[in-house]
Amino acid sequence: MQHGIHPAYGYVVFQDQSTGSAFLTRSTLVARADTLPTITWTDGNTYPLVSVGVSSASHPFYTGKNTVIDTAGQVQKFRRRYGMGRKA
């Protein structure tokens, strides 16, 4: 890697606003650390804190609370509308 052309990359804590859960990961947002609030993590170190609206802790796909879309009904409706019968 060339020096001086890549953004800073370091540890940041992301916290889900809806569930309150947080996780520590690495991100280029560490470059904005002076403008972000901080949090003391379980290891005793202080890290920049980024609040997010949706994470894997609250997204319906990951929590198993997602709704199933009636795709079969949509296909049947399309076939009825455009006269495409099912061909074997």
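## Tyr9 and its contacts

Leaving aside neighbours within four places in sequence, Y9 is in contact with R26, S27, T28 and V30. These contacts are drawn from a predicted model. Y9 itself lies in the segment that precedes β1, the strand covering residues 10–16. One of its partners, V30, is 21 residues away in sequence, yet the C-alpha atoms of Y9 and V30 are 6.2 Å apart in space.

## Ser27 in strand β2

Another partner of Y9 is S27, a residue of strand β2, which comprises residues 22–27. When residues up to four places away in sequence are not counted, S27 touches A8, Y9, G10, V12 and F14. The list thus includes Y9, from the segment before β1.

The relative accessibility of S27 is 11%, so this residue counts as buried; the cut-off for that class is under 20% relative accessible area. The side chain of S27 also reaches the backbone nitrogen of L29, at 3.0 Å.

## Strand β1 and its pairings

Strand β1 is mostly covered, with five of its seven residues buried. Its pairing with β2 is antiparallel and extends over six bridges. Within this pairing, F14 stands opposite F23 of β2. F14 is also among the residues that S27 touches.

The two strands β1 and β2 form a hairpin, and five residues lie between them. In the turn, G20 has a positive phi of about 85°.

β1 is joined to strand β4 (residues 46–52) as well, here by four bridges and in the parallel sense. Q15 stands opposite S51 in β4. β1 therefore takes part in an antiparallel pairing with β2 and a parallel pairing with β4, each of which meets the requirement of at least two bridges.

## Ser55 in the loop after β4

S55 is located in the loop between β4 and α1, the latter spanning residues 60–63. At 11% relative accessibility, S55 counts as buried.

Not counting residues up to four places away in sequence, S55 touches D16 and F23. With D16 the interaction is a polar contact between the two side chains, at 2.7 Å. The other residue touched, F23, is the β2 residue that F14 stands opposite. S55, in the loop between β4 and α1, is accordingly in contact with a residue of the β1–β2 pairing.

Key. Residues numbered from 1 in each chain as written. Predicted model: local features only at pLDDT ≥ 70, side-chain atom pairs only at ≥ 80, totals over all residues. Heavy atoms only, no water. Contact = heavy atoms within 4.5 Å. Buried < 20%, exposed > 50% of the residue type's maximum accessible area, 1.4 Å probe, protein only. Polar contact = N/O pair within 3.5 Å; in protein donor to acceptor, adjacent residues only side chain to side chain.
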